[in-house]
Amino acid sequence: MPDLSLSIPTEIRRDLAIQEIEATIVDVPTVRKHKLSSLSVSAQSYVIVQLRLANGVTGIGEAATLGGPRWSEESVESIKATIDTYLKPALIGTPADRFVAAGRRMDEAAKRNNAAKGAIESALFDAVGKTSGVPAVQLLGGAVRDSVPVLWTLASGDPVQEIEEAEHKIAARLHNTFKVKIGAQAPEADMARMRRLAGALEGRAKLIVDANQAWDETTALRCLPILAELGIALVEQPLAAWNMPGMARLRARSTVPLMADECVFSTHDMLDVARSSAADVVSLKLVKHGGLLATRDVAAVARAAGIGLYGGCLLESSIGAAAHLQVFAGLGDLEWGCEHFGPQILTGDLVTEPLRFEDFHIHLPTGPGLGVTLDPAQLRRYRRQ
Ligand code: MUC
Ligand code: MG
């Protein structure tokens with residue numbers, strides 16, 4: 001690969017050189033069990049990246065996982081090993097502000113491993129932003145918005161608890177859109193649960209559902225009209241990630257829009273979804289796309305096909321959520337809002353000043369870089385021994 005740093009004056013190059021990258025595994029308990037179709041979490045595991053530059057500035061980033069390597073193929077253990085063994089050696093000594101070149105170096109050192117790459121790229125944007133005193137979104141072209149509507153996910157599986165939880169969130173003006181995790185129980189039981197939730201929250205909240213690939217096509221065909229009748233606004237990843245033709249057939253018959261999640265990691269996946277008319281909306285996540293820049297690329301392909309944008313999450317702490325917000329704030333359109341409720345479901349956060357949730361929105365922090373500061377005491381507290 002050509003040395004892309006040659007045109008930078010030597011002293012700046014030295015100043016911004018990446019000196020150290022440290023990857024730490026943390027496990028943070030959640031306030032309640034969070035049940036998805038094929039996994040359940042009571043503690044969230046992350047890899048926290050601390051990336052130090054020659055100028056003494058340290059940038060931070062986060063890679064989130066759900067239930068080990070069960071939501072996607074990466075686990076915190078594999079992410080740490082990939083960073084320590086392959087990504088770190090590829091980046092040490094190179095300039096932090098050459099984001100695209102850093103991405104190419106990482107791609108040459110390791111195929112995919114997008115959560116690991118996303119955490120490092122977040123730390124690069126944080127370090128360079130902190131060095132120059134500007135928020136990461138400024139480095140991405142500037143902010144279009146300074147807050148994003150944010151939903152809450154109901155995922156205990158118990159409708160009585162879920163209605164109570166939703167009532168609290170509405171009363172506190174934190175959330176008035178709710179994503180319900182379905183697929184862990186029989187479709188009939190989920191439809192009965194959705195009927196209870198829709199009835200209890202009617203006129204006061206918007207509901208969407210996420211099946212996390214749990215259904216086959218016939219189950220989806222049976223359930224989609226029921227969800228339409230209940231006024232459900234969006235159905236996320238009803239079928240297996242590989243089943244693009246099935247998603248396209250469902251979409252052709254559904255009056256409820258469909259959202260692609262696990263079937264879109266790369267820009268190529270996004271193009272496939274667009275070409276097969278398999279979704280109305282896409283959920284954007286750093287762990288899937290491999291960083292802030294790649295998330296923008298996926299968003300650009302989606303926009304070119306008229307596909308709506310939704311700010312997805314993997315229950316990130318305020319560090320990962322802030323990295324997502326820096327991207328989301330700069331997107332021309334983000335008509336479906338976001339789901340970065342992660343910091344609120346943790347029993348403790350990892351930053352000195354957690355992100356602000358107010359008036360049904362999550363607010364972009366104002367500081368440089370990602371806009372949040374790692375709390376070393378919290379890192380020690382949740383660090384895996
Ligand atoms: C997913 O599949 O969307 C995001 C929110 C949540 O509850 O689970 C995640 C993953
Ligand atoms: Mg999903």
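**Exercise 1. Is Glu73 buried, partly exposed or exposed, and what does its side chain pair with?**

Solution.
Step 1. Recall the classes: buried means under 20% relative accessible area, exposed over 50%, and partly exposed in between (1.4 Å probe, protein chains only).
Step 2. Glu73 counts as partly exposed because its relative accessibility is 45%.
Step 3. Find the partner. Glu73 forms a salt bridge with Arg112, the closest N and O atoms being 2.9 Å apart. A salt bridge here is a side-chain nitrogen of Lys or Arg within 4 Å of a carboxyl oxygen of Asp or Glu.
Step 4. Place both residues. Arg112 sits in the loop between H3 and H4, Glu73 in the loop between E3 and helix H2 (76-91), and they are 39 residues apart. Helices (H or I, at least four residues) and strands (E, at least two) are DSSP runs, numbered from the N terminus.
Step 5. Arg112 is partly exposed, because its relative accessible area is 45%.

Before going on, note the ground rules. This is a predicted model: local features need pLDDT of at least 70, side-chain atom pairs count only at pLDDT 80 or more, and totals for chains, interfaces and linings use all residues. Residues are numbered from 1 along each chain as its sequence is written, chains are lettered from A and ligands numbered from 1 in the order in which they are written, and side-chain values use heavy atoms, with hydrogens and water left out.

**Exercise 2. Find the protein donors of the magnesium ion (ligand 2) and place them in the chain.**

Solution.
Step 1. Donors are N, O and S atoms within 2.8 Å of the metal (3.2 Å for Na, K and Ca); water is not among the atoms, so sites may look incomplete.
Step 2. Asp210 (OD), Glu236 (OE) and Asp261 (OD) are the protein donors, at 2.1 to 2.2 Å from the ion.
Step 3. Their spacing in sequence reads D-x25-E-x24-D. Asp210 belongs to strand E7 (residues 206-210) and Glu236 to strand E8 (residues 235-236), 26 residues apart.
Step 4. Check accessibility. Asp210 is buried because its relative accessibility is 0%. Glu236 is buried because its relative accessibility is 0%.
Step 5. Look for charged partners. Asp210 and Glu236 belong to a network of salt bridges with Lys179, Lys181 and Glu339. Asp261 has a salt bridge to Lys288 (2.9 Å, N to O). Asp261 lies in the loop between E9 and H10, and Lys288 in helix H11 (residues 286-289), 27 residues apart. Asp261 and Lys288 are both buried.

**Exercise 3. Describe how domain 1 meets domain 2.**

Solution.
Step 1. Set the bounds: domain 1 covers 4-137 and domain 2 covers 139-368. Such bounds come from an automatic or database domain assignment.
Step 2. The C-alpha centres of the two domains lie 24 Å apart. The contact (heavy atoms within 4.5 Å) takes 44 residues from domain 1 and 51 residues from domain 2.
Step 3. Together the domains bury about 3700 Å², 66% of it on carbon and sulfur atoms. Buried area is the accessible area (1.4 Å probe) that two parts lose on being put together, summed over both.
Step 4. Arg32, Trp71 and Val137 supply 22% of the area that domain 1 buries against domain 2, more than any other three residues.
Step 5. Count the links. There is one salt bridge between the domains. Glu165 and Arg32 meet in a salt bridge (2.7 Å, N to O).

**Exercise 4. Which residues of helix H9 are buried, and what do they pack against?**

Solution.
Step 1. In H9 (residues 244-253), the buried residues are Met244, Gly246, Met247, Ala248 and Leu250.
Step 2. They pack against helix H8 (217-229), strand E9 (258-260) and helix H10 (267-275).
Step 3. Recall the helix rule: an α-helix has 3.6 residues a turn, so residues three or four places apart point the same way.

**Exercise 5. Where is Thr295, and what does it touch?**

Solution.
Step 1. Thr295 is in helix H12 (residues 292-304).
Step 2. Thr295 is buried, because its relative accessible area is 0%.
Step 3. A polar atom of the Thr295 side chain lies 2.7 Å from the backbone oxygen of Gly291.
Step 4. Leaving aside neighbours within four places in sequence, Thr295 is in contact with Leu284, Lys285, Leu286, His289 and Val327.

How values were computed
Polar contact = N/O pair within 3.5 Å; in protein donor to acceptor, adjacent residues only side chain to side chain.
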